[in-house]
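Q: Please choose one part of this model and take me through it slowly, starting from the overall build and explaining each term when it first comes up. I am in my first year, so I would rather have one connected account than a list.

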Amino acid sequence: MGSIKDIHGAELQALTSVIDFTGLRVLEVGAGEGRMTTRYADLTKSVVAIEPDAESLATAQSLVPPELEERISFRLVDAAELDEPAESFDAAFLSWSL
Amino acid sequence: MEPEGVVNALSRIHKALKKEGVLLDLHPAKPFATVEGAGVRSGALDESDFMQIVAATEAGLNETLRLGLFALKKRRTFDVVERFDTADELVDAVAGWVGVSIPNRVAERVRASAPPFDIRERVLLQRFQVL
């Protein structure tokens, strides 16, 4: 019982129509429970997913498949307090988040 | 988040991005999401309050364009469909969403309908370039 968001995969299709993630280091802002993260992470070099809600972050971490564990890292932080090193990402992704 | 908060967050994101880096923004857009049962439209959600939140976000984004942090390069809209196992689950899920409600007549129509039970939402995807 439950629901499936984006049953037709329209989000990933749209994303990849506007960016080629190959080799990119991506900052995902407001990753929530990681619904989008695991859909595109395999296309990237790496993803740093930030999320201010600890419960959502824990869920996101628990849902990462083993083959993506080295590629995705999570941080418990709000975008308003982001303090990543300057010029350290090729792309940032706001996923239904601000 | 208020526009000032959006600008603050985007300024920090801008700093973390490489020169000529890319910012992707994906968020819901008008018109209001529709509810469908068995592929037939039952009606629209009331997203009046939620769209005010979206407008505040867009105002913050626009301010970063005015400040010369980013430039809009691509923009497209598409629909995202969320499918529920039952009509009650659909109605209960919407009750938990911030700034969104389902009018009684729409809830009644979808409950009287048959699967699949869907919410179809218009989404805006924008690609910005770091300046």
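A: Chain A contains three helices and five strands, where helices (H or I, at least four residues) and strands (E, at least two) are DSSP runs numbered from the N terminus. This is a predicted model, in which local features need pLDDT of at least 70, side-chain atom pairs count only at pLDDT 80 or more, and totals for chains, interfaces and linings use all residues. Residues are numbered from 1 along each chain as its sequence is written, while chains are lettered from A and ligands numbered from 1 in the order in which they are written. The model as a whole scores ipTM 0.95 and pTM 0.92, and in chain B the mean pLDDT (the predictor's confidence in each residue, from 0 to 100) is 95, with 100% of the residues reaching 70 or more.

Before the close look, the two chains can be set side by side. From its N terminus, chain A runs through its elements in the order β-α-β-α-β-α-β-β. Its radius of gyration, taken over C-alpha atoms, is 13 Å, close to the 13 Å that the globule rule (2.2 Å times the number of residues to the power 0.38) gives for 98 residues, so chain A is as compact as a globular protein of that length. Measured out along the principal axes, its C-alpha atoms fill a box of roughly 40 × 30 × 30 Å.

Chain B has four helices and five strands, which follow the pattern α-β-β-β-α-β-α-α-β along the sequence. With a radius of gyration of 18 Å, well over the 14 Å that the globule rule gives for 131 residues, chain B is more spread out than a compact globule. Along its principal axes, the C-alpha trace of chain B spans about 55 × 25 × 20 Å.

The part to look at closely is the side of chain A that touches chain B. Here 32 residues of chain A are in contact with 34 residues of chain B, two residues being in contact if their C-beta atoms, placed from the backbone, lie within 7 Å. On chain A, strand E1 (3–4), helix H1 (10–18), strand E2 (25–29) and strand E5 each supply at least two residues of this side, and the largest share, seven residues, comes from E5(A). By type, the residues on this side divide into 21 nonpolar, five polar and six charged; Ala, Val, Leu, Ile, Met, Phe, Trp, Tyr, Cys and Pro count as nonpolar, Asp, Glu, Lys and Arg as charged, and the others, Gly among them, as polar.

E5(A), which covers residues 89–95, includes A:Ala92. With 27 C-beta neighbours inside 10 Å, A:Ala92 counts as buried; a residue is buried if 20 or more other C-beta atoms lie within 10 Å of its own, exposed if 12 or fewer, and partly exposed in between. Setting aside neighbours within four places in sequence, A:Ala92 is in contact with A:Leu27 and A:Val29 as well as with B:Ile13, B:Leu17 and B:Leu23. Although A:Ala92 and A:Arg25 are 67 residues apart along the chain, their C-alpha atoms are separated by 8.7 Å.

Seen from chain B, B:Leu23 touches A:Ala92, B:Ile13, B:Leu17, B:Phe70, B:Phe128 and B:Val130, when residues up to four places away in sequence are not counted. The largest nonpolar core (a set of buried Ala, Val, Leu, Ile, Met, Phe, Trp, Tyr and Cys residues joined through C-beta atoms within 7 Å) has 35 residues, and those with the most contacts inside it are A:Val29, A:Ala92, B:Ile13 and B:Leu23. The elements giving two or more residues to this core are E2, strand E3 (46–51), helix H3 (54–62) and E5 of chain A, together with helix H1 (3–16), strand E1 (17–28) and strand E5 (117–130) of chain B. A second, separate core of 13 residues includes B:Phe84, B:Leu90, B:Val94 and B:Phe117.

B:Phe84 leads back to the meeting of the chains, since A:Ser3 stands opposite B:Phe84 in E4(B). E1(A) and strand E4 (residues 70–84) of chain B run antiparallel and are joined by two bridges, and two strands pair if DSSP finds at least two bridges between them.
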